[in-house]
Amino acid sequence: TAYEMSDDECWHRLGLEALRQGNHQVVEMSYQRTKNFERLSFLYLLTGNVEKLRKMLRIAEMRRDIMGRFHNALFLGSASERVRVLEEAGQLALAYLSAIS
């Protein structure tokens with residue numbers, strides 16, 4: 001099994017098959033084991049799990065992942081976080097436009 005092998009490729013394949021069958025709990029476990037943060041955030045968006053999306057935002061902050069932070073801020077609808085990420089990335093014009101819209 002994937003647990004015994006602890007192989008990322010096995011976990012990835014298990015996640016793909018679980019996704020085809022609609023088993024989002026196994027998909028979530030697979031993405032967690034392979035550290036596939038982008039897909040995991042999108043899964044939480046699709047399943048409406050806002051609390052876990054907030055947790056993914058904090059994980060992206062700890063990892064210093066600017067794009068991950070921005071995507072999670074978009075998924076959460078957090079305009080203030082989007083502005084903060086853009087400012088930290090040096091995109092002041094985009095931060096300003098995001099702030100006024």
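**An all-helical chain and its buried faces**

Of the 101 residues in the chain, 32% are buried. The model described here is a predicted one, and a good way into it is to look at the chain as a whole before turning to single helices and residues.

The secondary structure consists of eight helices and zero strands. Read from one end of the sequence to the other, the pattern is therefore easy to write down: α-α-α-α-α-α-α-α. The C-alpha trace spans about 50 × 25 × 20 Å along its principal axes. The accessible surface of the chain amounts to about 6800 Å², and carbon and sulfur atoms account for 55% of that surface. Charged side chains are present in both signs, with 14 positive and 13 negative, and the centres of the two sets are 3 Å apart. Contacts can also be sorted by how far apart the partners are in sequence. Among contacts between residues at least 6 apart, 17% join residues that are at least 24 apart.

Helix α2 is a helpful place to practise reading a helix. This helix covers residues 8–21, which makes 14 residues. At 1.5 Å a residue, α2 should span 20 Å, and because its end C-alpha atoms are indeed 20 Å apart, the expected and computed values agree. Which residues of α2 are buried? They are W11, G15 and A18. These three cover an arc of only 70° around the axis, so they sit on the same side of α2. The spacing makes sense in light of a general rule: an α-helix has 3.6 residues a turn, so residues three or four places apart point the same way. The face of α2 turned away from the buried side carries the exposed residues R13 and R20.

Two residues of α2 illustrate the contrast between buried and exposed. W11 belongs to α2 and has a relative accessible area of 1%; this value is under 20%, so W11 counts as buried. Q21 is also part of α2, but its relative accessibility is 61%, which is over 50%, so Q21 counts as exposed. Both residues can also be used to compare distance in sequence with distance in space. W11 and E51 are 40 residues apart in sequence, and their C-alpha atoms are 24 Å apart. For Q21 and R58, the separation is 37 residues along the chain and 30 Å between C-alpha atoms. Just beyond the helix, α2 is followed by G22, which has a positive phi near 85°.

The story continues in helix α3, which runs over residues 24–33. Here the buried residues are V26, V27, E28, S30 and Y31. What do the buried residues of α3 pack against? Their partners are α2, α4 (37–47) and α5 (50–62). S30 gives a close-up of this packing. S30 has a relative accessibility of 1% and so counts as buried. Setting aside residues up to four places away in sequence, S30 touches W11, H12 and G15. Two of these names are familiar, since W11 and G15 are among the buried residues of α2.

The loops offer a different kind of detail. Most residues other than glycine have a negative phi, and most peptide bonds are trans. Against that background, K35 stands out: its phi is near 55°, a positive value in a residue other than glycine. K35 follows α3 and is found in the loop between α3 and α4. With a relative accessible area of 57%, K35 is exposed. R64 shows a similar feature, with a positive phi of about 55° although it is not a glycine. The place of R64 is the loop between α5 and α6 (66–76). R64 is exposed, and its relative accessible area is 74%.

Finally, E61 in helix α5 shows what lies between the two extremes. Is E61 buried, exposed or partly exposed? Its relative accessible area is 36%, a value that falls between the cut-offs of 20% and 50%, so E61 is partly exposed. Leaving aside neighbours within four places in sequence, E61 is in contact with R69 and E81. The C-alpha atoms of E61 and V85 are separated by 9.7 Å, while the two residues are 24 apart along the chain.

Technical notes: Residues are numbered from 1 along each chain as its sequence is written. This is a predicted model: local features need pLDDT of at least 70, side-chain atom pairs count only at pLDDT 80 or more; totals for chains, interfaces and linings use all residues. Side-chain values use heavy atoms; hydrogens and water are left out. Helices (H or I, at least four residues) and strands (E, at least two) are DSSP runs, numbered from the N terminus. The expected span of a helix is 1.5 Å times one less than its number of residues. Buried means under 20% relative accessible area, exposed over 50%, partly exposed in between (1.4 Å probe, protein chains only). The arc is that of the directions from the helix axis to the C-beta atoms. Contact means heavy atoms within 4.5 Å. Accessible areas come from the Shrake-Rupley method with a 1.4 Å probe; for residues, only the protein chains shown count as cover. Lys and Arg count as positive and Asp and Glu as negative; His and the chain ends are not counted. The place of a charge is taken as NZ of Lys, CZ of Arg, CG of Asp or CD of Glu.
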